[in-house]
Structure formats: structure tokens, C-alpha cells
Amino acid sequence: RDVERSRGLGDVYKRQEKQLSTISTTVPDRLDYLMRLHNLTNIALSEIMCCAESTISGYRTGRRVPDIFVICHLSTIFGVTPNYFLGFSDEICPTHN
């Protein structure tokens, strides 16, 4: 449940804008960190993901925002949750109960 009390549709849009802004800055930082951690270059990751090197570069610099399918693929490659990539969790390695 959203803790903030909505004062109308404008407030909803403002909160969504804020969340998207956070995601667009979090994904590049976390992708860059994980690539460095795993010693992967743009070329190496682009070969794993079957995409252009410029696509990976765009994700790392924030010029491009990956869709949810790409986020899930990256999460699988690096062994993290999509929530980690999106900034909803700081837990890099999920625990299993």
C-alpha cells in the first residue's frame, strides 16, 4: 500500500515520474557494477545477450532504458533479482528459504 496520500491524479503521475527517474539512474549504475564484478566487457555481454555492443553501452550510460524482458535476462545472467536492478532492493544475492 502506498504510504503517501494521493491528492488526485496529478500526485499519482508525480510519484510514477519519480520512480522512473530512480530506475533510469539505478539500472546503469548496477549494470556497470555487476559487469566490473564479473570482469565483463560491453562486447562480452553483448555476445551473451545476442545484441549490439552499442545497446549495452547505452544501458550502461543511461542513454537507453532496458525493457522488463532485458532486465529479467540480465538478472539471470548475473544471478540477481530484477528488483535489485530496478533499485527496489539492495540485496545483491537473494536468499532462499
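Which residues form one aromatic cluster? In this predicted model, the cluster consists of F78, Y84 and F85. The report starts from that group, moves to the charged side chains, and ends with a short helix and the cysteines.

## Aromatic cluster

A pair of aromatic rings is described by the distance of the centres and the angle of the planes. The structure holds 2 such pairs. In one of them, F78 and F85 have ring centres 6.4 Å apart and planes at 55°, so this pair is tilted. The other joins Y84 to F85, again with centres 6.4 Å apart, but here the planes stand at 70°, so the arrangement is edge-to-face. An angle over 60 degrees counts as edge-to-face, and the 70° between Y84 and F85 therefore falls in that class.

F78 and F85 are both buried. For F85 the relative accessibility is 0%. Y84 is buried too, with a relative accessible area of 7%.

F85 belongs to helix α5, which covers residues 82–86. Leaving aside residues up to four places away in sequence, F85 touches T26, V27, R30, L31, L34, I71, L74, S75, F78 and V80. One of these contacts, F78, is also its partner in the tilted ring pair. Another is R30; the C-alpha atoms of F85 and R30 are separated by 6.2 Å although the two residues are 55 places apart along the chain.

## R30 between ring and carboxylate

Where is R30 found, and is R30 buried or exposed? R30 is found in helix α1, and it counts as buried because its relative accessibility is 14%, below the 20% limit. R30 lies over the face of Y84, at 4.3 Å from the ring centre. Beyond residues up to four places away in sequence, R30 touches Y84, F85, G87, S89 and D90.

The last of these contacts is also a charged partner. The side chains of R30 and D90 meet in a salt bridge, with 2.5 Å from N to O. This pair links distant parts of the chain: R30 sits in helix α1 (residues 9–37), D90 in the segment after α5, and 60 residues separate them. The two ends differ in exposure: R30 is buried at 14%, whereas D90 is exposed at 63%.

## Salt bridges

Side chains of opposite charge can pair when their charged atoms come close. How many salt bridges does the structure hold? There are 3, listed below.

| Salt bridge | Closest N to O distance |
|---|---|
| R30 and D90 | 2.5 Å |
| D32 and R36 | 2.9 Å |
| R60 and D32 | 2.3 Å |

D32, R36 and R60 are linked in a network. Within it, D32 and R36 are 4 residues apart in helix α1, which means that about one helical turn separates them. The bridge from R60 to D32 has another setting: R60 lies in helix α3 (residues 53–61) and D32 in helix α1, so the pair ties together parts that are 28 residues apart in sequence. As for accessibility, R36 is exposed, with a relative accessible area of 57%, while R60 counts as partly exposed at 22%.

## Helix α2 and the cysteines

Helix α2 spans residues 42–49, and its buried residues are N42, L45, S46 and M49. Seen down the axis of α2, these buried residues fall within an arc of 100°, so they line one face of the helix. An α-helix has 3.6 residues a turn, so residues three or four places apart point the same way.

Just after α2, C50 takes a positive phi of about 55°. C50 is exposed, with a relative accessible area of 71%. C72, in contrast, is partly exposed, at 36%.

Why does C50 form no bond with C51? A disulfide is a covalent bond between the sulfur atoms of two cysteines. The cysteine sulfur closest to that of C50 belongs to C51, and the two are 7.9 Å apart, which is too far for a bond; the cut-off is 2.5 Å. A search of the whole structure finds 0 disulfides.

Methods: Residues are numbered from 1 along each chain as its sequence is written. This is a predicted model: local features need pLDDT of at least 70, side-chain atom pairs count only at pLDDT 80 or more; totals for chains, interfaces and linings use all residues. Side-chain values use heavy atoms; hydrogens and water are left out. Buried means under 20% relative accessible area, exposed over 50%, partly exposed in between (1.4 Å probe, protein chains only). Helices (H or I, at least four residues) and strands (E, at least two) are DSSP runs, numbered from the N terminus. The arc is that of the directions from the helix axis to the C-beta atoms. Rings of Phe, Tyr and Trp (its six-membered ring) pair if their centres lie within 6.5 Å; planes under 30 degrees apart count as stacked, over 60 as edge-to-face and the rest as tilted. A charge sits over a ring if NZ of Lys or CZ of Arg is within 6 Å of the ring centre and within 35 degrees of the ring normal. Contact means heavy atoms within 4.5 Å. A salt bridge is a side-chain nitrogen of Lys or Arg within 4 Å of a carboxyl oxygen of Asp or Glu.
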